[in-house]
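Morning, everyone. I'd like to walk through the empty spaces in this protein and the helices around them. Please have the structure up on your screens.

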Amino acid sequence: MSTFLQTLRTQRWDDHRYYHQSRINQTLHFISALSFLVAYALLFIDPALAAIVGWCFSMTTRQAGHFFFEPRGYDQVNDCTDAYKEAVKVGYNLQRKIVLLSVWVGLPVLLWLQPALFGLIQPATDLGGWVHDLGMAWLALGVAGLLFRVVQLWLRDGAIPALAWMTKILTDPVHDLILYHRAPLALWRGERLDPMHHVQPGSRH
């Protein structure tokens, strides 16, 4: 258990210091975390709606921070290149995210052209039914995307890093609220980048 917890802490620490230096990105993660918690609650009430909220709002705000606002040049804070960070990313780096988001965008087109999904489901008879089917398809994509990467990590690195990453992803909304709740205020003060004093050599985390 101690190895698992240490692996989880390391993954969270690396994720923060490497990929969340922009205050805009941190703020968007804070907003995304709030909406993800709403989506988690909706899972017990309306799973299709939960997936729609999760993908259309939570994921878009979250990924916009990474794609458009996170600095992509040489990382002075961690003394490494962007290419290095992308190569060592435990979860979905930008290239993998592009693939995943492409499938997300493509699913509505597929479902519109194939309402029965090639005979896998009962086709919807109205727009509300189609939206429900789309939500369920996006929910399946989210679960599949999570499990696919867990299996990849398990085969490459072993069970502990894979399960630690899965735990990290599922608990990120709560962790991000704690970690980035001050980011909107810092951004309001005009601080575009987190100075990351806690990451500097000699600091403790």
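Let's start inside. Arg12, Asp15, His16, His20, Lys168, Asp172, His175, Asp176, Leu179 and Tyr180 line the second largest cavity. H1 and helix H7, residues 159-180, are the elements that give two or more residues to that lining. H7 gives the most, with six residues. By class, the lining has two nonpolar, three polar and five charged residues. The volume of this second largest cavity is about 40 Å³. One caution before I go on: this is a predicted model.

Now the two helices themselves. How do H1 and H7 meet? Their axes come within 9 Å and cross at roughly 55 degrees. That angle makes H1 oblique to H7. The crossing is right-handed. On the H1 side, the contact is made by Thr3, Phe4, Thr7, Leu8, Gln11, Arg12, Asp15 and His16. On the H7 side, the contact residues are Ile160, Pro161, Leu163, Ala164, Trp165, Thr167, Lys168, Thr171, His175, Leu179 and Tyr180. Sorted by class, the residues of this contact come to nine nonpolar, seven polar and three charged.

Look at the overlap with the cavity. Arg12, Asp15 and His16 of H1 are in the contact, and these residues also line the second largest cavity. On H7, Lys168, His175, Leu179 and Tyr180 belong to the contact, and they line that cavity too.

How many cavities are there? A search of the whole structure finds two of 30 Å³ or more. The largest has a volume of about 120 Å³. Its lining has 14 residues, and Tyr19, His66, Glu70, Glu86 and Leu94 lie nearest its centre. Helix H1 (2-19), helix H4 (82-88) and helix H5 (94-113) are the elements that give two or more residues to this lining. Which helix gives the most? That is H4, with three residues. By class, the lining has five nonpolar, two polar and seven charged residues.

So much for the closed spaces. On to the pockets.

The largest pocket holds about 1000 Å³ of space. It is lined by 43 residues. Nearest its centre are Phe36, Met59, Gly142, Leu146 and Ile169. Which helices supply at least two residues each to this lining? H1, helix H2 (23-42), helix H3 (47-69), H4, H5, helix H6 (127-157) and H7 each do. The lining divides into 26 nonpolar, 10 polar and seven charged residues.

Next, the second largest pocket. Its volume is about 240 Å³. There are 15 lining residues, and the closest to the centre are Arg23, Gln26, Leu179, Arg182 and Asp194. Leu179 has come up before: it lines the second largest cavity and sits in the contact of H1 with H7. H2, H7 and helix H8, residues 183-188, each supply at least two residues of this pocket's lining. By class, that lining has six nonpolar, four polar and five charged residues.

To recap, keep an eye on H7. It gives the most to the lining of the second largest cavity. It supplies at least two residues to the largest pocket, and at least two to the second largest pocket. It also crosses H1 at roughly 55 degrees. That's my tour. Questions, please.

Note on methods. Residues are numbered from 1 along each chain as its sequence is written. This is a predicted model: local features need pLDDT of at least 70, side-chain atom pairs count only at pLDDT 80 or more; totals for chains, interfaces and linings use all residues. Side-chain values use heavy atoms; hydrogens and water are left out. On a 1 Å grid over the protein atoms alone, a cavity is a set of points where a 1.4 Å probe fits but cannot get out, and a pocket is an open set with protein on both sides within 12 Å along at least five of seven lines; lining residues have an atom within 4 Å of a point. Grid points are joined across faces, edges and corners, and a volume is the space filled by probe spheres set on the points. Helices (H or I, at least four residues) and strands (E, at least two) are DSSP runs, numbered from the N terminus. Ala, Val, Leu, Ile, Met, Phe, Trp, Tyr, Cys and Pro count as nonpolar, Asp, Glu, Lys and Arg as charged, and the others, Gly among them, as polar. Axes are lines fitted to C-alpha atoms, for helices over the stretch in contact, and angles run from 0 to 180 degrees between N-to-C directions. Angles under 35 degrees count as roughly parallel, over 145 as roughly antiparallel, 65 to 115 as roughly perpendicular and the rest as oblique. A crossing is left-handed if the near helix is turned anticlockwise from the far one by less than a right angle, and right-handed if clockwise. Contact means heavy atoms within 4.5 Å.
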